[in-house]
Every structure is written in C-alpha cells, then in structure tokens.
Amino acid sequence: QGRELKSVMGEDYLPEHESKFLILPAVPISTPPQSAELKLGQIRWTKLPPLSQIAFEVLQKNAGQTTEKHFFVEGIVKNPSSFGIEKIVVPVIVFDSSSQNILAVNSTVLTDIKPFEGRYFRVAWPKLFTDIGSIQITPTFNPLDPGLLLDKTENPERRDR
C-alpha cells in the first residue's frame, strides 16, 4: 500500500570479487506484501586493504537442540593471522535439506580476538528445525574499521575500549 514498514540502518564491508547474503531483521505483518523494495543508502568505494584477505577457520562446527527444544549452532572461530582483531562478525545461515532454501539466519559478534586464538560461539533460535541441510558460517571483519588490536599501552586513544 505504499507504506514503509521497516527501516534498518547499518553498514558492512564487501571485499572485491566476493558476495554476501544481506541479513536483515524480520518484519512481522499480517498479510504478505504485494511488493518489497530494498534501498541502499550511501555506498563508499575504496581500494582493497591487504588485511581483508584473512580466511577465518571455523572448527568443531556443531548443530543440535537444547533441553528446551531450541535449535542451536556452535563452533570455534580461529583467527589465523599474526595480529589481533577487535571485532569479528559471525553470520550463520541454515539451509533446508535441499541446501536451496534458507530456514534460519542469526549472527553473533566476537571481540578482542588475539593472534592465532580460537574463540567459541553459539547462536540459538527459539524453535526447533527438522529439515536441516547445510549450514554456512562465514566470519568476517571490516578492515576499514579500526579493527586491529594494537598494544593498548602504546596507543592512548584505544585504552578506553
């Protein structure tokens, strides 16, 4: 009916020659819309910094149900680089058994990851899924953010973080 139902603010980083799922919060409505529109605001192009080529490892990936019958995905994200990272975003996409349709999405943020450190994560949903296929976990960080952990004693601007 030409009304805006939801507006979501945020930002992300898309490395050169890569693609990402755009994960937005659900909008509960009583009837399906006739159409939907996605508008992207300001897009800033920049040269690719060399640090954006980090391939995070996801170890011990596991999915299951809690005692409350909620579905969860857990694992360990390992920082394979020789420098610390302040913020790693861990999006999780759960596909059905055909691995074609998305059943669920969720994400979490890991902070202050040291060089070569592995950090446990767990995301959960308030329901149980039974037709599970593949699960995609793609940890990322934005190298344009001030996301490198510097020795905080040498950089007074970062001591309060």
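**Close-up 1. S81 and the residues it touches.** Leaving aside residues up to four places away in sequence, S81 touches I54, P115 and F116 in this predicted model. You'll find S81 in the loop between strand 2 and strand 3 (84-96). Is S81 buried or exposed? With a relative accessibility of 9%, S81 counts as buried, because the cut-off for buried is under 20%. There's also a link to N79: the side chains of S81 and N79 are joined by a polar contact of 2.6 Å.

**Close-up 2. An open sheet with three strands.** Follow the strands in the order 1-2-5 and you've walked across an open sheet with antiparallel pairing. Strand 1 (57-65) and strand 5 (118-124) are the edge strands, each pairing on one side only. From one strand to the next, the twist averages 15 degrees. As a reminder, strands of a sheet pair through backbone hydrogen bonds, either parallel or antiparallel. Now zoom in on strand 2 (residues 71-78) and strand 5: seven bridges hold this antiparallel pair. Which residue of strand 5 is the bridge partner of K78? Look for G118, which sits opposite K78 as its bridge partner.

**Close-up 3. Strand 3 and its two partners.** Strand 3 is mostly covered, with eleven of its 13 residues buried. How many bridges join strand 3 to strand 4 (residues 102-113)? Ten bridges do the job, and the two strands run antiparallel. One bridge to spot here is V90 with T108 of strand 4. Strand 3 also pairs with strand 6 (residues 132-137), again in the antiparallel sense, over four bridges. Try finding V94, whose bridge partner in strand 6 is I135.

**Close-up 4. The hairpin between strand 3 and strand 4.** Five residues lie between the strands of this hairpin. Keep an eye on S99, which takes a positive phi near 55 degrees there.

**Close-up 5. F56 meets F141.** The structure holds four aromatic pairs, and F56 with F141 is an edge-to-face one. A pair of aromatic rings is described by the distance of the centres and the angle of the planes. For F56 and F141, that's 6.1 Å centre to centre and 85 degrees between the planes. F56 lies in the segment before strand 1 and F141 in the loop between strand 6 and strand 7 (148-149), so their pairing ties together parts that are 85 residues apart in sequence. Both F56 and F141 are buried.

**Close-up 6. An aromatic cluster around W125.** Which residues form one aromatic cluster with W125? They're F71 and F129. Inside the cluster, W125 and F129 make an edge-to-face pair, with 6.3 Å from centre to centre and 80 degrees between the planes. W125 has a relative accessible area of 8%, so it is buried. F129 counts as buried too, because its relative accessibility is 13%.

**Close-up 7. R122 over a ring.** Here R122 lies over the face of F72. The distance to the ring centre is 3.7 Å.

**Close-up 8. A26, out in the open.** A26 belongs to the segment before strand 1. Its relative accessibility is 71%, so A26 counts as exposed. How far apart in space are A26 and K6? Their C-alpha atoms are 9.2 Å apart, while in sequence the two residues are 20 residues apart.

Methods
Residues are numbered from 1 along each chain as its sequence is written. This is a predicted model: local features need pLDDT of at least 70, side-chain atom pairs count only at pLDDT 80 or more; totals for chains, interfaces and linings use all residues. Side-chain values use heavy atoms; hydrogens and water are left out. Two strands pair if DSSP finds at least two bridges between them. Axes are lines fitted to C-alpha atoms, for helices over the stretch in contact, and angles run from 0 to 180 degrees between N-to-C directions. Buried means under 20% relative accessible area, exposed over 50%, partly exposed in between (1.4 Å probe, protein chains only). A polar contact is a pair of N or O atoms within 3.5 Å; within protein, one must be able to donate a hydrogen and the other to accept it, and residues adjacent in sequence count only if both atoms are side-chain atoms. Contact means heavy atoms within 4.5 Å. Rings of Phe, Tyr and Trp (its six-membered ring) pair if their centres lie within 6.5 Å; planes under 30 degrees apart count as stacked, over 60 as edge-to-face and the rest as tilted. A charge sits over a ring if NZ of Lys or CZ of Arg is within 6 Å of the ring centre and within 35 degrees of the ring normal.
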